[in-house]
Amino acid sequence: MLEKTRGIVLRAIPYEDNRFIVHIYTERFGRVSYMVFGSGKKGSKVPRSLFMPLSALDMDVEHSHRCDIQRIKEAHLCFPLAETASNPVKNMLALFLSEVLFRVVRDTQPDDRLFRFLYDSVVALENLESGIANFHLVFLLHLLYYIGIYPNVESHSAGTSCFDMQNSVFVSEQPVHAHYLDARESAVMLRLLKMTYENMSLYSFSRKDRIRIIERMLEYYRLHLPDFPEIRSLAVMQTLFD
């Protein structure tokens with residue numbers, strides 16, 4: 001039986017011959033692995049070109065709870081990604097963020113709020129005209145909310161100067177462990193938490209600060225998601241903002 005759903009492409013992996021497996025976060029089924037056949041053939045209903053990182057798709061799929069890998073019968077872009085595909089910075093951001101999502105979003109249960117956040121973020125990236133150097137920072141911070149590890153902002157007060165990353169709270173004294181932000185880094189974090197896609201062009205950071213920010217963000221992810229690995233595309237992405 002065919003089902004209809006939208007989905008956000010996380011990763012496509014060649015399998016054998018003219019087949020590959022694509023991992024997609026879908027609106028109806030959560031994260032799903034699909035086997036795609038014959039996508040290189042002329043006139044294919046599922047062309048390989050659809051599966052660039054973060055593509056938003058409308059799909060007709062075969063979905064069976066008895067199978068680990070499902071099938072896509074037909075797919076179309078929800079909207080063109082012309083700018084994301086042609087702009088090298090946006091293209092690299094899409095690759096980086098899709099790699100993060102591939103490692104973070106494991107749930108096979110649907111989450112309407114998470115899907116809407118991902119979909120709206122793809123739209124924002126495609127239409128973005130300014131503030132592009134901050135896009136991934138906003139994305140990674142907001143994603144924390146949808147995966148349940150957002151910092152306890154209410155713990156901040158005049159007497160709290162450090163952010164304890166291990167316990168996700170602001171504290172008045174340096175923790176005994178090494179995973180915390182000092183007073184300067186904590187002040188930067190508070191600025192970051194005020195950023196949105198709409199206002200991020202108003203915020204500026206030095207290259208050194210930007211590198212430090214993303215390193216500490218990924219450290220936070222790693223503390224709370226034990227299986228979270230090194231992100232291979234990070235080094236390449238950092239060079240884009242030199």
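The accessible surface of the chain in this predicted model amounts to about 12,400 Å², and carbon and sulfur atoms account for 51% of that area. Charged side chains number 28 positive and 29 negative, with the centres of the two sets 5 Å apart. Buried residues constitute 50% of the 242 residues.

The C-alpha trace spans about 60 × 40 × 30 Å along its principal axes. The radius of gyration of the chain is 19 Å, which agrees with the value near 18 Å for a compact globule of 242 residues. The secondary structure consists of 7 helices and 8 strands. Of the contacts between residues at least 6 apart in sequence, 62% join residues at least 24 apart.

In soluble globular proteins, nonpolar side chains tend to be buried together. The largest nonpolar core of the chain contains 59 residues, among which Phe 96, Phe 135, Phe 139, Leu 140 and Leu 192 touch the most other members. At least two residues of this core come from each of β1 (2-16), α2 (88-104), α3 (112-127), α4 (135-146), α5 (183-192), α6 (207-224) and α7 (234-239). The greatest contribution is that of α2, with 10 residues.

Phe 96 illustrates the packing around one of these core residues. Apart from neighbours within four places in sequence, Phe 96 is in contact with His 136, Leu 140, Ile 214, Ile 231, Ser 233, Leu 234 and Met 237. A second core, separate from the largest, comprises 16 residues, including Val 22, Phe 29, Val 46 and Val 61.

Methods. Residues numbered from 1 in each chain as written. Predicted model: local features only at pLDDT ≥ 70, side-chain atom pairs only at ≥ 80, totals over all residues. Heavy atoms only, no water. Core = buried A, V, L, I, M, F, W, Y, C linked by side-chain atoms within 4.5 Å. Buried < 20%, exposed > 50% of the residue type's maximum accessible area, 1.4 Å probe, protein only. Helix = DSSP H or I, 4+ residues; strand = E, 2+ residues; numbered from the N terminus. Contact = heavy atoms within 4.5 Å. Rg over C-alpha atoms; globule rule 2.2 N^0.38 Å. Areas by Shrake-Rupley, 256 points an atom, 1.4 Å probe, with all protein chains shown as cover. Lys, Arg positive; Asp, Glu negative; His and termini not counted. Charge placed at Lys NZ, Arg CZ, Asp CG, Glu CD.
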